[in-house]
Amino acid sequence: MIELTGNMAGNIPFSILMADDDPDDRMLAEEALAECRIRNRMQFVEDGEALLDYLKRRGRYKDPAASPRPGLILLDWNMPRKSGAEALQEIKSEPDLRSIPVIVLTTSNAEEDIAQAYQLGANSYITKPVTFDGLVEVMRGLKLFWLEIVAIPLPDQHSV
Amino acid sequence: MQSELSVGGEVTNPQRLAALKRTGLPDTPPEPAFDRLTALARRTLNVPVVLLSLVDDRRQFFKSQSGLPDSLASIRETPLSHSFCRYVVAGQSPFSVEDARQHPLVRDNGAVDDLGVIAYLGVPLRDPEGQILGSFCAIDHVPRHWTTDEAASLTDFADLARAELTLRLALDEARKAQERLCRAERAMRQQAESCQRQHDALQEFVSTASHDLREPLRKILQFGNLIRRQPGLPPSAGQYLERLLAAGDRMHRLLADLLTYSRLASLAQPTRPVYQERVVADAVDILEARYPGLRTAVRVAPLPTVEGDPNQLHQLFVQLLDNAGKFRRTDVPLLIDIAAEPVCRGQVHYWQVTVRDNGIGFEAGHAERIFGVFERLHAREDFPGTGMGLAICRRIAERHSGTLTATGAPNVGAAFVLLLPVEPSEKVEIADDFADKKTNARVVSGNPEGVAPPPNFASAPNTIDVGVPTPVVSPTSSEER
């Protein structure tokens with residue numbers, strides 16, 4: 001069952017799932033999200049493989065309560081084991097998963113990475129800013145756009 | 001029997017023997033080209049035997065023969081003791097014998113009894129340089145008076161043989177030259193490939209290094225930012241932190257420019273026609289915010305359309321204009337003239353585009369130095385920048401098979417001269433992974449085809465280069481050349 005969030009998305013706090021192998025970046029992202037008062041639950045995975053395990057509720061992500069289906073995915077591009085590109089490709093080829101907006105958040109600003117990301121169905125591509133203030137700005141922008149302006153499909157939290 | 005020494009020095013002349021060897025004819029099988037000549041001469045002169053005889057210091061070798069008995073025809077040589085031809089060589093002139101048995105020079109020659117040589121007429125066979133190789137000769141088994149006509153015919157045949165030889169040697173020489181050329185070309189190609197590989201490896205290294213170094217630097221800056229937000233930081237610690245952040249920010253810009261530079265390895269393919277006037281106008285628009293009044297300061301004469309990478313050329317003009325704006329004089333209004341004219345350099349036609357300003361200029365001796373990587377002529381606090389701008393410009397020009405040079409005079413101005421070929425380069429360079437246009441930190445949303453500002457926009461004012469901190473305290477150790 002699919003619910004729609006409207007401009008009042010804040011009322012339905014879906015979780016945000018971030019896949020990034022760098023603990024510093026995960027920490028900085030969490031700080032920046034807190035800084036701009038995003039109250040959505042943040043979940044973290046360390047690479048593309050863990051991301052797919054999470055989304056498909058495999059292994060240690062079996063429990064839907066502990067691993068709720070995210071409303072938004074922040075995806076690092078260069079990760080070990082399974083890269084952002086590979087993970088994105090898999091997500092977008094799964095009928096069940098492809099409606100989840102994926103925002104690529106990476107250090108790369110290489111033109112071919114940007115092109116490939118959109119080619120594979122990324123919903124937006126953001127190069128990680130150099131400063132923390134910049135990162136806060138990005139998160140604020142994300143909040144404004146994805147949590148307030150646009151409507152995104154929300155799955156039943158208990159569906160698989 | 002006569003010893004060969006008595007026939008004179010020419011037979012054993014080392015230069016002659018060397019020339020004979022050079023012909024490549026001794027000990028080679030019979031060939032139709034020469035056999036036709038001896039057969040034709042035999043019919044023409046109506047004699048039983050005609051020989052094309054090559055004389056070295058111990059034997060005569062018949063490169064071609066017509067009419068010899070089978071036994072001798074298969075051996076194709078005799079010792080000099082059985083040679084009349086050696087006298088043609090020794091005398092370097094025709095040698096004619098009516099009846100060998102009566103001739104003082106050859107009556108004891110082995111050929112008289114063993115081979116039945118009674119009458120002999122031989123004319124010199126020479127190589128292209130005139131070195132005597134042997135004799136073209138006619139032989140009869142009975143006494144014979146040789147007519148002038150016969151001698152003339154035989155000389156003609158000898159000349160035909162020489163012509164054949166000349167052609168062969170020339171052809172041989174051409175083949176050898178071609179082989180040498182091929183070898184040289186192969187060697188050159190290998191060297192070029194090896195150079196290219198080294199260059200690629202170095203490029204990859206610089207690219208990876210500057211990219212990977214930015215990663216930890218970003219953390220340093222971001223955690224530094226977080227520390228700055230902590231309340232109750234002692235003032236001195238705050239000041240150190242600002243210096244630390246300023247230095248980190250500078251390093252970030254240096255690495256960004258280095259990355260841009262290293263990524264300019266190749267011209268993005270395919271190239272497109274680039275309307276330079278448009279490119280310049282865009283560059284002026286972008287820089288107007290940084291240098292108010294720039295639009296009126298720039299005078300642009302008609303500029304040609306060139307074949308190239310529009311992003312790189314845009315970047316080049318942004319950099320040149322930024323340079324003119326940055327190094328303007330404070331006491332006179334800034335003027336920048338941009339004009340183009342066709343020129344010819346070494347048979348290649350170029351557009352020469354000149355960007356001339358009335359700024360602070362530079363000493364003539366620095367005209368090359370300013371294009372160096374990380375090269376600066378001024379203290380950083382006087383003129384900001386990484387010292388990469390002109391290096392990037394020159395690289396772009398070179399990527400377009402062109403050049404970029406400069407002239408200048410202190411407090412008069414500087415002129416940057418860009419040469420771009422009129423005809424696009426035929427050299428096709430494969431753009432490497434990083435060769436395409438790059439952009440700096442920016443947010444791209446929803447529209448992959450969207451705004452793609454060219455690479456060096458890191459410092460351009462309209463870039464969404466999110467939050468590079470402005471140094472509160474100028475770094476102290478900023479003195480550079």
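## Two helices that cross, and one with two faces

In this predicted model, helix 5 of chain A (residues 132–149) and helix 6 of chain B (residues 148–229) cross at roughly 90°, and their axes come within 7 Å. Angles of 65 to 115 degrees count as roughly perpendicular. The two helices are therefore roughly perpendicular to each other.

Which residues meet where helix 5 of chain A touches helix 6 of chain B? Helix 5 of chain A brings A:Phe132, A:Asp133, A:Leu135 and A:Val136. Helix 6 of chain B brings B:Gln222, B:Asn225, B:Leu226, B:Arg228 and B:Arg229. By class, this contact has four nonpolar, two polar and three charged residues.

Now to helix 1 of chain B, which spans residues 14–22. Its buried residues are B:Arg16, B:Leu17, B:Ala19 and B:Leu20. They cover an arc of only 160° around the axis, so they lie on the same side of helix 1 of chain B. The face turned away from that buried side carries exposed residues: B:Pro14, B:Gln15, B:Lys21 and B:Arg22.

Several elements of chain B help to cover the buried residues of helix 1, among them these:

| Element of chain B | Residues |
|---|---|
| Strand 1 | 49–55 |
| Helix 4 | 85–91 |
| Strand 6 | 132–140 |

Both ends of helix 1 of chain B have a local detail. At its start, a side-chain oxygen of B:Asn13 reaches to within 3.0 Å of the backbone nitrogen of B:Gln15. Just after the helix, B:Gly24 takes a positive phi of about 75°.

Methods:
Residues numbered from 1 in each chain as written. Chains lettered and ligands numbered in written order. Predicted model: local features only at pLDDT ≥ 70, side-chain atom pairs only at ≥ 80, totals over all residues. Heavy atoms only, no water. Axes fitted to C-alpha atoms, helices over the stretch in contact; angles between N-to-C directions. Helix = DSSP H or I, 4+ residues; strand = E, 2+ residues; numbered from the N terminus. Parallel < 35°, antiparallel > 145°, perpendicular 65-115°, else oblique. Contact = heavy atoms within 4.5 Å. Nonpolar A, V, L, I, M, F, W, Y, C, P; charged D, E, K, R; others polar. Buried < 20%, exposed > 50% of the residue type's maximum accessible area, 1.4 Å probe, protein only. Arc of directions from axis to C-beta. Polar contact = N/O pair within 3.5 Å; in protein donor to acceptor, adjacent residues only side chain to side chain.
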